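Here is a quick tour of a single protein chain, written for someone who likes to know what the numbers mean. Have a look at the structure first, then read on.

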Amino acid sequence: MDKPHILVTGGCGFIGSNFIRYLLSSGACTITNLDKLTYAGNLENLKGFEARPGYTFVRGDIANEADVERAFAAPVDAVVNFAAESHVDRSIMDPGAFVTTNIYGTYLLLEQARRKGVTKFLQVSTDEVYGSLGETGRFREETQLAPNSPYSASKASADLLAMAYHKTFGLPVVITRCSNNYGPYQFPEKLIPLLVSNALVDRELPIYGDGLNVRDWIHVSDHCAALALVLDKGVPGNVYNVGAGNERNNLEIVEIILEVLNKPRSLIKYVKDRPGHDRRYAIDNTKIRDTLGFEVHVPFKTGMEETVRWYVEHRDWWEKIKTGEYLGFYEKWYGSR
Ligand code: NAD
Ligand code: TYD
């Protein structure tokens with residue numbers, strides 16, 4: 001029997017590239033990667049994989065029907081949709097691309113998947129669709145959607161559309177809602193790679209507000225394992241929350257980075273808060289553990305130390321990114337904070 005063929009979108013980004021590496025190393029499937037190569041997409045994230053048997057790259061936009069049709073040229077068994085505009089701060093500066101890619105792009109993929117009759121459509125979503133928590137409680141799958149940023153609102157919209165395709169057309173949709181990821185190949189606009197790459201050149205470390213906002217961190221390899229599990233065993237029509245139970249406030253994160261790099265606390269600079277900044281995220285992962293047997297493998301301290309070291313050892317990778325477009329974004333966003 002032929003191996004299943006998976007269409008991965010956004011596979012040149014942070015999580016998508018880790019996921020493709022994860023799937024190809026198992027050798028259990030073949031993959032088409034549809035990626036527009038926006039500022040966040042980087043072919044270097046999959047260096048060495050280009051010529052692998054069973055791997056095809058298609059440069060294209062999920063919000064363009066002809067590109068989506070091209071990506072479905074080989075018969076597709078399942079879709080894993082990572083492609084998205086993913087940075088909250090950019091969604092505050094310029095929400096348009098978030099609506100186009102995250103909502104309209106998801107619609108085109110759902111439509112094509114419905115026409116072609118795929119066996120699974122995995123929508124990779126985020127815990128940010130639930131909004132913000134107070135001091136206590138954790139997000140469960142039944143928690144009401146209450147997104148606060150244009151980014152999270154666009155992701156919540158895509159979730160609703162995907163579930164409507166399941167209810168209305170019987171498309172076998174599953175949705176994962178994961179907490180904040182960390183690990184190799186994360187674009188240095190996100191907190192951890194931004195702090196590490198700035199600290200390495202003794203640049204200020206911008207911390208929004210009082211630094212006490214809480215995120216629930218998971219290593220990207222644990223997220224990839226959860227996605228593979230849901231792709232394989234997830235029951236259509238279900239949402240699965242994914243998290244590793246590592247709540248940390250942003251000051252704790254910066255402290256770990258400074259300690260590993262042996263840099264001074266004086267690099268920290270408190271800056272004007274992000275508008276609508278969610279205070280706390282925390283995931284209840286009972287459902288994916290109890291129903292699919294998900295287990296967390298990477299302890300937070302080890303994962304963080306390895307991650308910081310990865311950015312130390314891959315300076316070339318982020319130095320190339322922190323030029324041109326990135327510098328324009330940085331100046332526009334941080335220049336006035
Ligand atoms: P990323 O920004 O690193 O990568 C996004 C990728 O999508 C890039 O390769 C980019 O080129 C591609 N892309 C963007 N627009 C496209 C379009 N119109 N057509 C085709 N490709 C396009 O993002 P990431 O951090 O890897 O996140 C991947 C997915 O996981 C997103 O859907 C995000 O919402 C979700 N997610 C991320 C996190 C996190 O902590 N990073 C947590 C939970 C869920
Ligand atoms: P981020 O990595 O942008 O992820 P998200 O906002 O999607 O959770 O930010 C993580 C946390 O770090 C969030 O509370 C905002 C904060 N933050 C800073 O304090 N300074 C920064 O420069 C950035 C990018 C984020």
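## Surface and charge

Accessible areas here come from the Shrake-Rupley method with a 1.4 Å probe. On that basis the accessible surface of the chain comes to about 14,000 Å², and carbon and sulfur atoms own 52% of that surface. Keep in mind that this is a predicted model.

As for charge, there are 38 positive side chains and 42 negative ones. The centres of these two sets lie 1 Å apart.

## Overall build

In secondary structure terms, the chain carries twelve helices and 13 strands. Its C-alpha atoms fill a box of roughly 60 × 45 × 35 Å along the principal axes. How does the radius of gyration compare with that of a compact globule? A globule of 337 residues would sit near 20 Å, and the chain has 19 Å, so the two agree.

Burial is worth a glance too: 57% of the 337 residues in the chain are buried. Then there is the contact pattern. Take the contacts with a separation of 6 or more, and 83% of them come from residues 24 or more positions apart.

## Two domains

The chain splits into two domains, and each is stitched together from separate segments of sequence. Domain 1 covers 5–181 + 217–242, while domain 2 covers 184–215 + 247–276 + 298–325. Over C-alpha atoms, their centres are 25 Å apart. The contact between them draws 23 residues from domain 1 and 23 residues from domain 2.

## Helix α6 and its surroundings

Why can α6 be called largely enclosed by the rest of the structure? Nine of its ten residues are buried, so the description follows directly from the count. The buried set includes I192, P193, L194 and L195, and also V196, S197, N198, A199 and L200.

What do these buried residues pack against? On the strand side, the partners are β7 (181–182) and β8. On the helix side, they are α8 (250–261), α10 (300–313), α11 (315–321) and α12 (324–334).

## Two positive phi angles

Most residues other than glycine have a negative phi. Two residues here go the other way, and one of them is D202, which comes just after α6. Phi of D202 is near 55°, a positive value in a non-glycine residue. D202 belongs to the loop between α6 (191–200) and β8 (205–208). Is D202 buried, partly exposed or exposed? Its relative accessibility is 48%, so D202 counts as partly exposed.

The other is L37, again not a glycine, with a positive phi of about 55°. L37 sits in the loop between β2 (30–35) and β3 (55–59). Buried means under 20% relative accessible area, and L37 has 17%, so it counts as buried.

## A proline with distant contacts

P275 lies in the loop between β13 (268–271) and α9 (286–292). With a relative accessible area of 48%, P275 is partly exposed. Which residues does P275 touch, leaving aside those up to four places away in sequence? The answer is I92, W333 and R337.

There is also a pairing to look for in the viewer: P275 and N148 are 127 residues apart along the chain, and their C-alpha atoms are separated by 9.7 Å.

Definitions and conventions:
Residues numbered from 1 in each chain as written. Chains lettered and ligands numbered in written order. Predicted model: local features only at pLDDT ≥ 70, side-chain atom pairs only at ≥ 80, totals over all residues. Heavy atoms only, no water. Helix = DSSP H or I, 4+ residues; strand = E, 2+ residues; numbered from the N terminus. Rg over C-alpha atoms; globule rule 2.2 N^0.38 Å. Buried < 20%, exposed > 50% of the residue type's maximum accessible area, 1.4 Å probe, protein only. Contact = heavy atoms within 4.5 Å. Lys, Arg positive; Asp, Glu negative; His and termini not counted. Charge placed at Lys NZ, Arg CZ, Asp CG, Glu CD. Domains from an automatic or database assignment.
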